Amino acid sequence: MRTTMSWQADGPAATLRRMPLKRRDLRPDDIAVRVDYCGVCHTDLHAVEAHAGGPPLVPGHEFTGMVTETGPEVTGFAAGDAVAVGNIVDSCGTCAMCRAGQENFCREFPTLTYGGTDRHDGSTTQGGYAREYVVRSRFAYPLPPGLDPAAAAPLLCAGVTVWEPLRALGVGPGSRVAVAGLGGLGHLAVKIAVALGAGTAVISRTPEKTDDALRLGAHEVIISGDPEQMAAARDRFDVVIDTISAPHDLGPYLRLVAMDGTLSHLGHLGPITVETTDLLIGRKKLSSAGSGGTPATAAMLAFCAEHDITADIELLPSSRVNEAMARLRRNDVRYRFVLDLSDLD
């Protein structure tokens with residue numbers, strides 16, 4: 001076993017403590033990654049708050065770093081390579097979804113970067129709030145030159161989560177896209193939709209984010225609390241990307257979808273209620289998405305490198321992880337915290 005330092009929740013208190021962590025020895029197709037930067041996702045916050053003791057929890061599933069060692073069967077990486085790792089670190093590899101390159105939909109469920117079950121030894125996976133991660137090489141990605149490694153880390157979760165529906169729904173030049181919610185997911189959805197050539201609007205509850213939305217490239221802002229603006233936008237958009245993380249009524253957003261268009265519901269993954277007539281009138285579709293398979297993740301990184309897209313981040317030393325969690329809890333971030341793990345040395 002290998003030992004590294006990490007930030008762990010080891011009891012019911014919603015705080016993280018600096019503690020050593022055991023990593024597995026490298027298997028033949030593994031690489032060891034020195035984790036340099038790890039994004040802080042809302043999923044991490046929920047996991048820490050829900051942790052009730054038992055095995056320690058190390059969050060973190062969007063990180064960049066450098067390869068320090070490779071297993072004997074690894075051919076695509078060498079020590080010193082810059083890499084990125086997302087929220088999936090293994091899958092069955094044999095089901096129809098995996099064969100199609102959609103490991104995120106693995107029929108046996110993909111192995112998650114933390115809180116998952118290792119397919120070889122049954123251990124619980126531990127995440128990227130640590131100085132080292134050992135990962136199967138096919139689930140690591142070369143980090144394209146030119147992408148800032150700190151600002152690129154959130155692309156491996158937030159970025160691919162919005163990339164997947166935008167590409168699956170054929171967004172491109174001439175498409176009309178609206179992004180509901182301007183947070184960690186939403187601000188990247190705006191950047192990517194604009195780079196794909198779509199006319200892009202942001203739907204926000206209040207006018208306060210108008211300047212930011214326009215700075216990010218949006219062509220207009222629609223205030224969801226203004227009935228006149230919402231009425232004027234009815235049936236306008238081919239795709240509405242809903243990144244709102246709290247439970248909410250989908251009706252107002254479905255009414256913005258054009259005939260045969262789609263509302264992709266990404267932010268809140270709990271139960272929803274939909275009025276059938278909101279789908280019926282205009283043959284509208286309701287979909288969702290989550291993460292991406294290995295081909296989509298690699299394509300997303302290449303696209304972002306080509307178009308100079310990274311997340312807007314606030315970089316913090318990892319010793320301030322609990323501050324980041326507290327501020328994320330009250331949505332006090334624009335638009336993603338990223339931890340610098342070098343202080344774990």
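**Entry 1: helix H11**

What covers the buried residues of H11? I started my notebook with this one, and I should say at once that I am looking at a predicted model. The cover includes strand S1 (2-8), strand S3 (30-40), H1, strand S16 (313-317) and S17. I then listed the residues being covered: Val321, Ala324, Met325, Arg327 and Leu328 are the buried residues of H11. It helped me to recall that an α-helix has 3.6 residues a turn, so residues three or four places apart point the same way.

**Entry 2: H1 against H11**

H1 was in that list of covering elements, so I looked up how the two helices meet, because two packed helices are described by the angle between their axes and the distance between the axes. The axes of helix H1 (residues 42-50) and helix H11 (residues 321-329) come within 10 Å and cross at roughly 100°. That crossing makes H1 roughly perpendicular to H11. On the H1 side I noted His42, Asp44, Leu45, Val48 and Glu49, and on the H11 side Met325, Leu328 and Arg329. Sorted by type, the residues of this contact are 4 nonpolar, 1 polar and 3 charged. Met325 and Leu328 of H11 take part in the contact, and I had already met both among the buried residues of H11.

**Entry 3: just after H11**

Next I followed the chain onward. H11 is followed by asparagine 331, whose phi is positive, near 55°. This caught my eye, since most residues other than glycine have a negative phi, and most peptide bonds are trans. Asparagine 331 lies in the loop between H11 and S17. Is asparagine 331 buried or exposed? With a relative accessible area of 56%, asparagine 331 is exposed.

The loop between H11 and S17 also holds tyrosine 335, with strand S17 spanning 336-340. The peptide bond from arginine 334 to tyrosine 335 is cis, and its omega is near 0°.

**Entry 4: another positive phi**

I also looked up phenylalanine 109. Its phi is near 75°, a positive value in a residue other than glycine. Where is phenylalanine 109 found? Phenylalanine 109 sits in the loop between helix H2 (96-99) and strand S7 (111-112). Its relative accessibility is 53%, so phenylalanine 109 counts as exposed.

**Entry 5: H4 against H5**

Here is a second helix pair for my notes. The axes of helix H4 (residues 158-168) and helix H5 (residues 184-195) come within 9 Å, and they cross at roughly 50°. H4 is therefore oblique to H5. The crossing of H4 past H5 is right-handed. Which residues make the contact? From H4 I wrote down Ala158, Gly159, Thr161, Val162, Trp163 and Leu166, and from H5 Gly184, Leu185, Leu188, Ala189, Ile192 and Ala193. This contact divides into 9 nonpolar, 3 polar and no charged residues.

**Entry 6: serine 175**

Past H4 I stopped at serine 175, which is in the loop between H4 and strand S10 (176-180). Serine 175 is at 15% relative accessibility, so I noted it as buried. Beyond its neighbours within four places in sequence, serine 175 is in contact with Gly170, Ala198, Gly199 and Asp238.

**Entry 7: lysine 284**

Lysine 284 was next, in the loop between helix H9 (276-280) and strand S15 (285-287). Is lysine 284 buried or exposed? Its relative accessibility is 8%, so lysine 284 counts as buried. Leaving out neighbours within four places in sequence, lysine 284 is in contact with Asp235, Leu254, Arg255, Val257, Ala258, Gly261, Asp278 and Leu279. I also checked lysine 284 against leucine 185, one of the H5 residues in Entry 5. The two are 99 residues apart along the chain, and their C-alpha atoms are separated by 23 Å.

**Entry 8: cysteines**

How many disulfides does the count come to? I looked for pairs of cysteine sulfur atoms within 2.5 Å, and the count comes to 0 disulfides. Cysteine 38 is in no disulfide, and the nearest cysteine sulfur, that of cysteine 41, is 9.7 Å away. Cysteine 38 is buried, with a relative accessible area of 0%. For cysteine 92, also in no disulfide, the nearest cysteine sulfur is that of cysteine 106, 3.6 Å away. Cysteine 92 has 19% relative accessibility. Buried means under 20%, so I put cysteine 92 down as buried.

Note on methods: Residues numbered from 1 in each chain as written. Predicted model: local features only at pLDDT ≥ 70, side-chain atom pairs only at ≥ 80, totals over all residues. Heavy atoms only, no water. Axes fitted to C-alpha atoms, helices over the stretch in contact; angles between N-to-C directions. Helix = DSSP H or I, 4+ residues; strand = E, 2+ residues; numbered from the N terminus. Parallel < 35°, antiparallel > 145°, perpendicular 65-115°, else oblique. Left-handed = near helix turned anticlockwise from the far one by under 90°. Contact = heavy atoms within 4.5 Å. Nonpolar A, V, L, I, M, F, W, Y, C, P; charged D, E, K, R; others polar. Buried < 20%, exposed > 50% of the residue type's maximum accessible area, 1.4 Å probe, protein only.
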